[in-house]
Amino acid sequence: MRRLVIVGTQWGDEGKGKITDYLAQNADLVVRYQGGNNAGHTVVFDGKKYSLHLLPSGILNPKIDNVMANGMVINPKAFVEEISKVSDFSLHISDRAHVVLPYHLELDKAYEALKGSKNIGTTHKGIGPTYTDKSSRIGMRVSTFIHEERFRSSLYELIREKNIELGLLKHPLLNFEAIYNEYSVYAKVMAPYVTDTSLYLNQAIESDKKILFEGAQGVLLCLDHGTYPFVTSSSPTASSVPLNTGIAPWLVEGAIGVTKAYTTRVGSGPMPSEIHSELASHIRTVGNEFGTTTGRPRRIGWLDTVILRHTKRVSGLSYLAVTLLDVLTGIDELKIAISYTLDGVEIDRIPAEIEDFERCIPNYITMPGWHEDITQVKSYDDLPINAKNYLFRIVELVGVPIGMFSVGPDRNQTIMVKNIF
Ligand code: GDP
Ligand code: IMO
Ligand code: MG
(Lines give C-alpha, C1' and ligand atoms only; values in the text may rest on other atoms or scores of the structure.)
(Ligands and ions follow the chains in the order given, each with its own letter.)
Protein backbone atom coordinates (compact mmCIF):
# COMPACT_ATOMS: atom_id res chain seq x y z
CA MET A 1 0.00 0.00 0.00
CA ARG A 2 1.24 3.48 -0.83
CA ARG A 3 -1.44 5.51 0.98
CA LEU A 4 -2.21 4.19 4.42
CA VAL A 5 -4.31 5.63 7.24
CA ILE A 6 -3.24 5.20 10.88
CA VAL A 7 -6.46 4.86 12.88
CA GLY A 8 -6.87 4.61 16.66
CA THR A 9 -9.35 1.77 17.20
CA GLN A 10 -10.30 2.52 20.82
CA TRP A 11 -10.54 5.74 22.87
CA GLY A 12 -7.21 7.23 21.80
CA ASP A 13 -3.62 6.82 23.08
CA GLU A 14 -3.21 3.47 21.35
CA GLY A 15 0.33 4.33 20.21
CA LYS A 16 -0.51 6.03 16.89
CA GLY A 17 2.51 8.32 17.22
CA LYS A 18 4.86 5.39 17.68
CA ILE A 19 3.40 3.40 14.77
CA THR A 20 3.39 6.47 12.50
CA ASP A 21 7.02 7.21 13.36
CA TYR A 22 8.00 3.61 12.65
CA LEU A 23 6.22 3.37 9.29
CA ALA A 24 7.37 6.88 8.36
CA GLN A 25 10.84 5.44 7.82
CA ASN A 26 9.36 4.18 4.54
CA ALA A 27 7.15 7.20 3.77
CA ASP A 28 7.52 10.42 1.81
CA LEU A 29 4.71 12.32 3.53
CA VAL A 30 2.92 12.23 6.90
CA VAL A 31 -0.44 14.01 7.05
CA ARG A 32 -2.47 14.92 10.17
CA TYR A 33 -6.09 15.15 9.03
CA GLN A 34 -8.25 16.03 12.06
CA GLY A 35 -8.22 17.19 15.66
CA GLY A 36 -5.81 19.66 17.18
CA ASN A 37 -3.61 19.80 20.22
CA ASN A 38 -6.05 17.66 22.18
CA ALA A 39 -3.89 14.88 20.72
CA GLY A 40 -0.68 13.77 22.42
CA HIS A 41 1.47 11.44 20.32
CA THR A 42 4.62 9.97 21.84
CA VAL A 43 7.62 9.03 19.74
CA VAL A 44 10.73 7.42 21.26
CA PHE A 45 14.02 6.73 19.47
CA ASP A 46 17.76 6.99 20.19
CA GLY A 47 16.94 7.17 23.89
CA LYS A 48 14.88 10.36 23.50
CA LYS A 49 11.15 10.85 24.01
CA TYR A 50 9.14 13.41 22.03
CA SER A 51 5.53 14.48 22.71
CA LEU A 52 3.78 15.84 19.65
CA HIS A 53 0.38 17.54 19.82
CA LEU A 54 -0.18 19.39 16.56
CA LEU A 55 2.76 18.48 14.38
CA PRO A 56 2.59 15.22 12.40
CA SER A 57 4.82 12.43 13.76
CA GLY A 58 7.03 12.63 10.66
CA ILE A 59 8.34 16.04 11.79
CA LEU A 60 11.33 14.47 13.58
CA ASN A 61 12.58 12.90 10.38
CA PRO A 62 14.20 15.48 8.03
CA LYS A 63 13.45 13.29 4.98
CA ILE A 64 9.68 13.47 5.52
CA ASP A 65 7.34 16.10 4.18
CA ASN A 66 4.63 16.87 6.75
CA VAL A 67 1.13 18.19 6.14
CA MET A 68 -1.46 19.64 8.53
CA ALA A 69 -4.59 19.27 6.46
CA ASN A 70 -7.86 21.19 6.21
CA GLY A 71 -9.68 18.99 8.75
CA MET A 72 -7.43 20.13 11.60
CA VAL A 73 -8.02 22.89 14.14
CA ILE A 74 -4.79 24.72 14.89
CA ASN A 75 -4.00 26.70 18.02
CA PRO A 76 -1.39 29.22 16.78
CA LYS A 77 0.18 29.70 20.20
CA ALA A 78 0.60 25.94 20.67
CA PHE A 79 1.89 25.69 17.11
CA VAL A 80 4.60 28.28 17.67
CA GLU A 81 5.66 26.59 20.91
CA GLU A 82 5.85 23.17 19.27
CA ILE A 83 7.62 24.27 16.11
CA SER A 84 10.30 26.04 18.18
CA LYS A 85 11.36 22.65 19.57
CA VAL A 86 12.11 21.01 16.20
CA SER A 87 14.62 21.81 13.51
CA ASP A 88 15.40 20.64 10.00
CA PHE A 89 11.85 19.78 8.93
CA SER A 90 9.47 20.25 6.03
CA LEU A 91 5.87 21.34 6.75
CA HIS A 92 2.79 22.48 4.86
CA ILE A 93 -0.30 23.86 6.62
CA SER A 94 -3.68 23.98 4.93
CA ASP A 95 -5.08 27.43 4.21
CA ARG A 96 -8.50 25.91 4.98
CA ALA A 97 -7.73 24.52 8.45
CA HIS A 98 -9.49 26.37 11.26
CA VAL A 99 -7.80 28.43 13.95
CA VAL A 100 -8.33 27.89 17.68
CA LEU A 101 -8.58 31.33 19.31
CA PRO A 102 -8.45 32.25 23.03
CA TYR A 103 -12.25 32.46 23.33
CA HIS A 104 -12.53 28.83 22.19
CA LEU A 105 -10.45 27.74 25.18
CA GLU A 106 -12.49 29.94 27.52
CA LEU A 107 -15.78 28.60 26.14
CA ASP A 108 -14.55 25.00 26.38
CA LYS A 109 -13.80 25.55 30.10
CA ALA A 110 -17.02 27.49 30.72
CA TYR A 111 -19.29 24.85 29.12
CA GLU A 112 -17.52 22.02 30.93
CA ALA A 113 -17.97 23.88 34.25
CA LEU A 114 -21.65 24.42 33.43
CA LYS A 115 -22.12 20.66 32.95
CA GLY A 116 -20.70 20.00 36.44
CA SER A 117 -20.46 16.29 37.23
CA LYS A 118 -21.91 15.47 33.79
CA ASN A 119 -18.99 17.06 31.96
CA ILE A 120 -17.27 15.36 29.02
CA GLY A 121 -13.84 15.68 30.56
CA THR A 122 -12.45 17.51 27.53
CA THR A 123 -8.80 18.45 27.26
CA HIS A 124 -9.82 22.16 27.64
CA LYS A 125 -7.99 22.92 24.38
CA GLY A 126 -10.98 24.62 22.76
CA ILE A 127 -11.51 21.83 20.23
CA GLY A 128 -15.33 21.54 20.53
CA PRO A 129 -16.00 25.30 20.32
CA THR A 130 -13.66 25.67 17.30
CA TYR A 131 -15.39 22.90 15.32
CA THR A 132 -18.76 24.34 16.44
CA ASP A 133 -17.81 27.70 14.94
CA LYS A 134 -16.64 25.96 11.76
CA SER A 135 -20.05 24.30 11.30
CA SER A 136 -21.83 27.49 12.33
CA ARG A 137 -19.85 29.30 9.63
CA ILE A 138 -18.33 31.77 12.08
CA GLY A 139 -14.90 30.14 12.34
CA MET A 140 -11.61 31.59 11.18
CA ARG A 141 -9.59 29.82 8.55
CA VAL A 142 -5.81 29.90 8.45
CA SER A 143 -6.01 31.89 5.18
CA THR A 144 -7.78 34.74 7.03
CA PHE A 145 -5.55 34.42 10.07
CA ILE A 146 -2.40 35.14 8.04
CA HIS A 147 -3.99 38.08 6.18
CA GLU A 148 -3.15 41.13 8.32
CA GLU A 149 -6.20 43.36 7.69
CA ARG A 150 -8.76 40.56 7.38
CA PHE A 151 -7.49 38.98 10.57
CA ARG A 152 -7.79 42.27 12.46
CA SER A 153 -11.32 43.07 11.32
CA SER A 154 -12.70 39.58 11.69
CA LEU A 155 -11.07 39.06 15.11
CA TYR A 156 -12.59 42.37 16.26
CA GLU A 157 -16.09 41.27 15.27
CA LEU A 158 -15.69 37.75 16.65
CA ILE A 159 -14.40 38.92 20.05
CA ARG A 160 -17.27 41.41 20.30
CA GLU A 161 -19.75 38.57 19.72
CA LYS A 162 -17.97 36.01 21.90
CA ASN A 163 -17.74 38.48 24.81
CA ILE A 164 -21.54 38.60 24.84
CA GLU A 165 -21.59 34.79 25.19
CA LEU A 166 -18.82 34.79 27.83
CA GLY A 167 -20.70 37.51 29.76
CA LEU A 168 -23.84 35.36 29.82
CA LEU A 169 -21.72 32.50 31.16
CA LYS A 170 -20.37 34.88 33.86
CA HIS A 171 -16.86 34.30 32.50
CA PRO A 172 -14.15 37.01 32.32
CA LEU A 173 -14.25 38.93 29.00
CA LEU A 174 -11.44 39.06 26.44
CA ASN A 175 -9.45 42.09 25.32
CA PHE A 176 -9.25 42.50 21.56
CA GLU A 177 -6.04 44.58 21.37
CA ALA A 178 -4.06 42.22 23.61
CA ILE A 179 -5.12 39.15 21.63
CA TYR A 180 -4.55 40.85 18.29
CA ASN A 181 -1.03 41.94 19.26
CA GLU A 182 -0.09 38.49 20.51
CA TYR A 183 -1.69 36.47 17.71
CA SER A 184 -0.49 38.62 14.81
CA VAL A 185 3.04 37.60 15.83
CA TYR A 186 2.01 33.91 15.65
CA ALA A 187 0.43 34.54 12.24
CA LYS A 188 3.78 35.73 10.90
CA VAL A 189 5.47 32.54 12.12
CA MET A 190 2.78 30.35 10.56
CA ALA A 191 2.43 32.17 7.22
CA PRO A 192 5.46 30.72 5.37
CA TYR A 193 4.10 27.18 5.78
CA VAL A 194 0.57 27.90 4.55
CA THR A 195 -0.59 26.53 1.22
CA ASP A 196 -3.45 24.72 -0.53
CA THR A 197 -2.60 21.28 0.86
CA SER A 198 -5.23 19.50 -1.24
CA LEU A 199 -3.41 20.65 -4.37
CA TYR A 200 -0.09 19.73 -2.81
CA LEU A 201 -1.24 16.24 -1.80
CA ASN A 202 -2.81 15.46 -5.14
CA GLN A 203 0.41 16.43 -6.88
CA ALA A 204 2.33 14.18 -4.46
CA ILE A 205 -0.04 11.30 -5.29
CA GLU A 206 0.47 11.89 -9.00
CA SER A 207 4.21 11.61 -8.37
CA ASP A 208 3.53 8.28 -6.63
CA LYS A 209 4.72 9.44 -3.21
CA LYS A 210 4.12 7.17 -0.23
CA ILE A 211 1.77 8.79 2.24
CA LEU A 212 0.74 8.07 5.83
CA PHE A 213 -2.41 9.75 7.13
CA GLU A 214 -1.97 10.02 10.91
CA GLY A 215 -5.26 10.00 12.81
CA ALA A 216 -5.62 11.57 16.21
CA GLN A 217 -7.94 10.29 18.96
CA GLY A 218 -9.72 6.97 18.32
CA VAL A 219 -12.87 5.78 16.57
CA LEU A 220 -14.81 5.53 19.86
CA LEU A 221 -14.24 9.29 20.18
CA CYS A 222 -15.62 9.93 16.66
CA LEU A 223 -18.36 12.56 16.52
CA ASP A 224 -20.54 10.26 14.40
CA HIS A 225 -19.57 6.72 15.33
CA GLY A 226 -18.21 7.16 18.86
CA THR A 227 -19.86 7.04 22.27
CA TYR A 228 -21.72 10.33 21.81
CA PRO A 229 -21.80 12.74 23.60
CA PHE A 230 -18.57 11.58 25.27
CA VAL A 231 -16.57 12.11 22.08
CA THR A 232 -14.35 14.68 20.44
CA SER A 233 -15.66 17.01 17.71
CA SER A 234 -14.08 15.44 14.62
CA SER A 235 -13.89 12.03 12.96
CA PRO A 236 -10.74 9.93 13.37
CA THR A 237 -12.04 7.19 11.00
CA ALA A 238 -10.30 6.24 7.77
CA SER A 239 -13.38 7.43 5.89
CA SER A 240 -12.86 10.99 7.10
CA VAL A 241 -9.48 11.23 5.35
CA PRO A 242 -10.74 12.24 1.86
CA LEU A 243 -12.96 15.02 3.21
CA ASN A 244 -10.39 16.27 5.67
CA THR A 245 -7.50 16.35 3.20
CA GLY A 246 -9.13 17.04 -0.16
CA ILE A 247 -8.32 13.83 -2.00
CA ALA A 248 -10.65 11.35 -3.73
CA PRO A 249 -11.95 8.52 -1.48
CA TRP A 250 -10.58 5.81 -3.77
CA LEU A 251 -7.05 7.12 -3.34
CA VAL A 252 -6.96 5.80 0.23
CA GLU A 253 -5.60 2.27 -0.08
CA GLY A 254 -5.96 0.91 3.42
CA ALA A 255 -6.00 1.53 7.14
CA ILE A 256 -3.96 0.16 9.98
CA GLY A 257 -5.90 0.03 13.25
CA VAL A 258 -3.61 0.81 16.16
CA THR A 259 -4.92 -1.28 19.04
CA LYS A 260 -3.68 -1.29 22.60
CA ALA A 261 -3.46 -4.86 23.92
CA TYR A 262 -5.96 -3.74 26.61
CA THR A 263 -8.21 -0.65 26.75
CA THR A 264 -7.73 2.85 28.14
CA ARG A 265 -9.88 5.93 28.26
CA VAL A 266 -9.32 9.49 29.53
CA GLY A 267 -12.27 11.69 30.30
CA SER A 268 -15.84 10.73 31.17
CA GLY A 269 -18.24 8.26 29.58
CA PRO A 270 -19.01 4.55 29.77
CA MET A 271 -16.28 1.92 29.38
CA PRO A 272 -17.85 -1.52 29.85
CA SER A 273 -14.62 -3.50 30.28
CA GLU A 274 -13.13 -1.07 32.85
CA ILE A 275 -11.12 -2.80 35.59
CA HIS A 276 -11.92 -1.56 39.10
CA SER A 277 -9.51 -3.79 41.05
CA GLU A 278 -5.89 -3.21 42.08
CA LEU A 279 -4.88 -4.64 38.68
CA ALA A 280 -5.88 -1.33 37.05
CA SER A 281 -3.24 0.60 38.98
CA HIS A 282 -0.68 -2.12 38.23
CA ILE A 283 -1.34 -1.77 34.46
CA ARG A 284 -1.40 2.05 34.77
CA THR A 285 2.03 2.02 36.39
CA VAL A 286 3.63 -0.53 34.06
CA GLY A 287 2.14 1.04 30.93
CA ASN A 288 2.77 4.62 32.16
CA GLU A 289 -0.91 5.32 31.48
CA PHE A 290 -1.05 9.04 32.13
CA GLY A 291 -2.30 11.47 29.46
CA THR A 292 0.38 12.91 27.15
CA THR A 293 -1.62 16.15 26.86
CA THR A 294 -3.23 16.61 30.27
CA GLY A 295 -1.28 14.23 32.54
CA ARG A 296 -4.58 12.73 33.75
CA PRO A 297 -4.45 9.07 34.87
CA ARG A 298 -6.03 6.92 32.14
CA ARG A 299 -8.85 4.55 33.04
CA ILE A 300 -7.85 0.92 32.38
CA GLY A 301 -9.92 -1.97 31.02
CA TRP A 302 -9.66 -5.38 29.37
CA LEU A 303 -9.43 -5.62 25.61
CA ASP A 304 -12.96 -5.20 24.22
CA THR A 305 -13.58 -6.83 20.83
CA VAL A 306 -17.16 -5.50 20.51
CA ILE A 307 -15.47 -2.12 20.19
CA LEU A 308 -12.89 -3.42 17.73
CA ARG A 309 -15.52 -5.00 15.46
CA HIS A 310 -17.44 -1.71 15.59
CA THR A 311 -14.30 0.20 14.56
CA LYS A 312 -13.60 -2.29 11.78
CA ARG A 313 -17.14 -1.77 10.42
CA VAL A 314 -17.44 2.03 10.66
CA SER A 315 -13.89 2.92 9.69
CA GLY A 316 -12.50 0.00 7.71
CA LEU A 317 -9.31 -1.71 8.90
CA SER A 318 -6.89 -3.62 6.67
CA TYR A 319 -4.49 -4.64 9.46
CA LEU A 320 -4.09 -4.26 13.20
CA ALA A 321 -1.00 -2.91 14.94
CA VAL A 322 -1.21 -4.32 18.46
CA THR A 323 0.72 -2.13 20.91
CA LEU A 324 1.79 -2.30 24.56
CA LEU A 325 1.71 -6.10 24.53
CA ASP A 326 4.65 -6.07 26.99
CA VAL A 327 2.49 -4.32 29.60
CA LEU A 328 0.41 -7.50 30.01
CA THR A 329 3.47 -9.61 30.91
CA GLY A 330 3.18 -11.17 34.35
CA ILE A 331 -0.62 -11.16 34.61
CA ASP A 332 -1.81 -14.73 35.28
CA GLU A 333 -5.14 -14.51 33.46
CA LEU A 334 -6.15 -12.11 30.69
CA LYS A 335 -9.77 -11.38 29.87
CA ILE A 336 -11.14 -10.36 26.48
CA ALA A 337 -14.68 -8.96 26.14
CA ILE A 338 -16.50 -10.78 23.32
CA SER A 339 -20.08 -9.45 23.65
CA TYR A 340 -22.30 -7.46 26.01
CA THR A 341 -25.44 -8.34 27.90
CA LEU A 342 -28.03 -5.57 27.85
CA ASP A 343 -31.23 -6.12 29.83
CA GLY A 344 -30.72 -9.88 29.78
CA VAL A 345 -30.05 -10.06 26.03
CA GLU A 346 -26.62 -10.78 24.51
CA ILE A 347 -25.65 -8.13 21.94
CA ASP A 348 -22.67 -7.54 19.64
CA ARG A 349 -23.02 -3.82 18.98
CA ILE A 350 -22.67 -0.47 20.68
CA PRO A 351 -26.09 1.02 21.49
CA ALA A 352 -26.64 4.57 20.22
CA GLU A 353 -28.06 5.76 23.54
CA ILE A 354 -25.35 6.37 26.09
CA GLU A 355 -27.71 5.33 28.92
CA ASP A 356 -28.00 1.90 27.24
CA PHE A 357 -24.26 1.62 26.67
CA GLU A 358 -23.75 2.39 30.37
CA ARG A 359 -25.86 -0.66 31.27
CA CYS A 360 -23.94 -3.07 29.00
CA ILE A 361 -22.22 -5.83 30.97
CA PRO A 362 -19.35 -7.43 29.07
CA ASN A 363 -19.09 -11.19 28.56
CA TYR A 364 -15.49 -12.35 28.73
CA ILE A 365 -13.31 -15.21 27.68
CA THR A 366 -10.26 -15.82 29.85
CA MET A 367 -6.83 -16.70 28.50
CA PRO A 368 -3.67 -17.73 30.33
CA GLY A 369 -1.07 -14.96 30.46
CA TRP A 370 2.72 -15.21 30.08
CA HIS A 371 5.58 -14.34 32.43
CA GLU A 372 8.54 -14.22 30.06
CA ASP A 373 10.08 -10.79 29.26
CA ILE A 374 9.03 -9.98 25.68
CA THR A 375 10.54 -6.49 25.38
CA GLN A 376 13.46 -7.74 23.28
CA VAL A 377 11.64 -10.09 20.90
CA LYS A 378 12.36 -9.49 17.22
CA SER A 379 9.75 -11.68 15.57
CA TYR A 380 6.34 -13.24 16.11
CA ASP A 381 8.03 -16.63 16.49
CA ASP A 382 10.08 -15.33 19.47
CA LEU A 383 6.91 -14.72 21.51
CA PRO A 384 5.92 -17.14 24.28
CA ILE A 385 3.10 -19.44 23.24
CA ASN A 386 0.51 -17.70 25.45
CA ALA A 387 1.31 -14.31 23.92
CA LYS A 388 0.97 -15.84 20.43
CA ASN A 389 -2.36 -17.33 21.44
CA TYR A 390 -3.53 -13.95 22.77
CA LEU A 391 -2.72 -12.28 19.43
CA PHE A 392 -4.21 -15.17 17.48
CA ARG A 393 -7.46 -14.90 19.47
CA ILE A 394 -7.66 -11.16 18.67
CA VAL A 395 -7.36 -11.91 14.95
CA GLU A 396 -10.08 -14.56 15.24
CA LEU A 397 -12.45 -12.33 17.19
CA VAL A 398 -11.96 -9.14 15.17
CA GLY A 399 -11.49 -10.68 11.76
CA VAL A 400 -8.55 -8.45 10.83
CA PRO A 401 -4.97 -9.74 10.42
CA ILE A 402 -2.15 -8.40 12.57
CA GLY A 403 0.29 -6.41 10.45
CA MET A 404 2.65 -5.47 13.26
CA PHE A 405 2.95 -5.44 17.04
CA SER A 406 4.91 -3.56 19.62
CA VAL A 407 6.65 -4.60 22.83
CA GLY A 408 7.99 -1.32 24.22
CA PRO A 409 7.90 2.45 23.59
CA ASP A 410 11.10 2.59 21.51
CA ARG A 411 11.04 2.67 17.73
CA ASN A 412 13.09 -0.55 17.61
CA GLN A 413 10.62 -2.41 19.84
CA THR A 414 8.29 -2.75 16.85
CA ILE A 415 7.83 -5.99 14.93
CA MET A 416 6.48 -6.18 11.39
CA VAL A 417 4.45 -9.31 10.71
CA LYS A 418 3.32 -8.40 7.19
CA ASN A 419 4.89 -6.21 4.59
CA ILE A 420 2.15 -3.59 4.59
CA PHE A 421 3.78 -0.31 3.60
P1 GDP B 1 -1.16 8.05 20.73
O2 GDP B 1 -1.94 9.21 21.22
O3 GDP B 1 -2.01 7.00 20.09
O4 GDP B 1 0.00 8.44 19.85
O5 GDP B 1 -0.53 7.34 22.02
P6 GDP B 1 0.21 8.10 23.25
O7 GDP B 1 1.57 8.47 22.83
O8 GDP B 1 -0.66 9.14 23.83
O9 GDP B 1 0.23 6.93 24.32
C10 GDP B 1 0.87 5.71 24.07
C11 GDP B 1 1.94 5.51 25.17
O12 GDP B 1 2.41 4.19 25.12
C13 GDP B 1 3.15 6.39 24.99
O14 GDP B 1 3.67 6.69 26.26
C15 GDP B 1 4.12 5.48 24.20
O16 GDP B 1 5.48 5.82 24.40
C17 GDP B 1 3.80 4.16 24.82
N18 GDP B 1 3.97 2.98 23.97
C19 GDP B 1 3.69 2.84 22.65
N20 GDP B 1 3.87 1.56 22.26
C21 GDP B 1 4.27 0.89 23.37
C22 GDP B 1 4.58 -0.47 23.64
O23 GDP B 1 4.52 -1.35 22.79
N24 GDP B 1 4.92 -0.79 24.93
C25 GDP B 1 5.01 0.14 25.92
N26 GDP B 1 5.36 -0.26 27.14
N27 GDP B 1 4.71 1.44 25.70
C28 GDP B 1 4.34 1.80 24.45
P1 IMO C 1 -4.70 11.08 20.99
O2 IMO C 1 -4.53 11.57 19.59
C3 IMO C 1 -7.32 10.26 24.36
C4 IMO C 1 -10.86 12.83 24.78
C5 IMO C 1 -10.91 13.74 25.99
C6 IMO C 1 -12.40 13.78 26.23
C7 IMO C 1 -12.97 13.80 24.81
C8 IMO C 1 -13.30 15.19 24.27
O9 IMO C 1 -3.54 11.37 21.87
O10 IMO C 1 -5.12 9.66 21.02
P11 IMO C 1 -11.79 17.21 23.42
O12 IMO C 1 -10.75 18.01 24.13
O13 IMO C 1 -11.31 16.53 22.19
O14 IMO C 1 -13.06 18.00 23.17
O15 IMO C 1 -12.21 16.06 24.49
O16 IMO C 1 -11.97 13.22 23.99
N17 IMO C 1 -9.65 12.96 23.94
C18 IMO C 1 -8.65 12.07 23.92
N19 IMO C 1 -8.45 10.96 24.64
N20 IMO C 1 -6.45 10.61 23.40
C21 IMO C 1 -6.66 11.71 22.64
O22 IMO C 1 -5.88 12.01 21.57
C23 IMO C 1 -7.78 12.52 22.91
N24 IMO C 1 -8.26 13.66 22.38
C25 IMO C 1 -9.41 13.90 23.01
O26 IMO C 1 -10.22 13.17 27.08
O27 IMO C 1 -12.82 12.59 26.83
MG1 MG D 1 -2.19 10.29 22.99
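Trainee: Before we start, which residues count as nonpolar, charged or polar here?

Mentor: Ala, Val, Leu, Ile, Met, Phe, Trp, Tyr, Cys and Pro count as nonpolar, Asp, Glu, Lys and Arg count as charged, and the others, Gly among them, count as polar. Please also keep in mind that this is a predicted model.

Trainee: Okay, so how does the shell around ligand 2 divide into those classes?

Mentor: The shell around ligand 2 is made up of seven nonpolar, ten polar and three charged residues.

Trainee: And which of the 20 residues come nearest to ligand 2?

Mentor: Those that come nearest are Lys 16, His 41, Thr 123, Gln 217 and Thr 232.

Trainee: Which atoms of Lys 16, Gln 217 and Thr 232 lie close to oxygen atoms of ligand 2?

Mentor: For Lys 16, a side-chain N or O atom is 2.7 Å from an oxygen atom of ligand 2, while for Gln 217 a backbone N or O atom lies 2.8 Å from an oxygen atom of the ligand. In Thr 232, the side chain again provides the N or O atom, and the distance to an oxygen atom of ligand 2 is 2.6 Å.

Trainee: How much of ligand 2 does the protein bury?

Mentor: Ligand 2 taken alone exposes 550 Å², and the protein buries 98% of that.

Trainee: Which domains does that shell draw on?

Mentor: At least three residues of the shell come from each of domain 1 (3-28 + 198-416) and domain 2 (98-192).

Trainee: Switching to the magnesium ion, what are its protein donors?

Mentor: The magnesium ion, ligand 3, has Asp 13 (OD) and Gly 40 (O) as its protein donors, and they lie 2.0 to 2.2 Å from it. Asp 13 sits in the loop between β1 (3-8) and α1 (16-24), whereas Gly 40 sits in the loop between β2 (29-32) and β3 (41-45), so the pair ties together parts that are 27 residues apart in sequence.

Trainee: Is Gly 40 buried or exposed, then?

Mentor: Gly 40 counts as buried because its relative accessibility is 11%, and the cut-off for buried is under 20%.

Trainee: What about α1, how many of its residues are buried?

Mentor: Nine of the nine residues of α1 are buried, so the helix is largely enclosed by the rest of the structure. Among them are Lys 16, Ile 19 and Tyr 22.

Trainee: One last spot: where does Thr 227 lie, and what does its side chain contact?

Mentor: Thr 227 lies in the loop between β10 (211-214) and α9 (241-245), and a polar contact of 3.3 Å joins its side chain to that of Trp 11. Thr 227 also counts as buried, at 3% relative accessibility.

Conventions. Residues are numbered from 1 along each chain as its sequence is written. Chains are lettered from A and ligands numbered from 1 in the order in which they are written. This is a predicted model: local features need pLDDT of at least 70, side-chain atom pairs count only at pLDDT 80 or more; totals for chains, interfaces and linings use all residues. Side-chain values use heavy atoms; hydrogens and water are left out. A residue is near a molecule or strand if one of its heavy atoms lies within 4 Å of it. A polar contact is a pair of N or O atoms within 3.5 Å; within protein, one must be able to donate a hydrogen and the other to accept it, and residues adjacent in sequence count only if both atoms are side-chain atoms. Accessible areas come from the Shrake-Rupley method with a 1.4 Å probe; for residues, only the protein chains shown count as cover. Domain bounds come from an automatic or database domain assignment. Donors are N, O and S atoms within 2.8 Å of the metal (3.2 Å for Na, K and Ca); water is not among the atoms, so sites may look incomplete. Helices (H or I, at least four residues) and strands (E, at least two) are DSSP runs, numbered from the N terminus. Buried means under 20% relative accessible area, exposed over 50%, partly exposed in between (1.4 Å probe, protein chains only).
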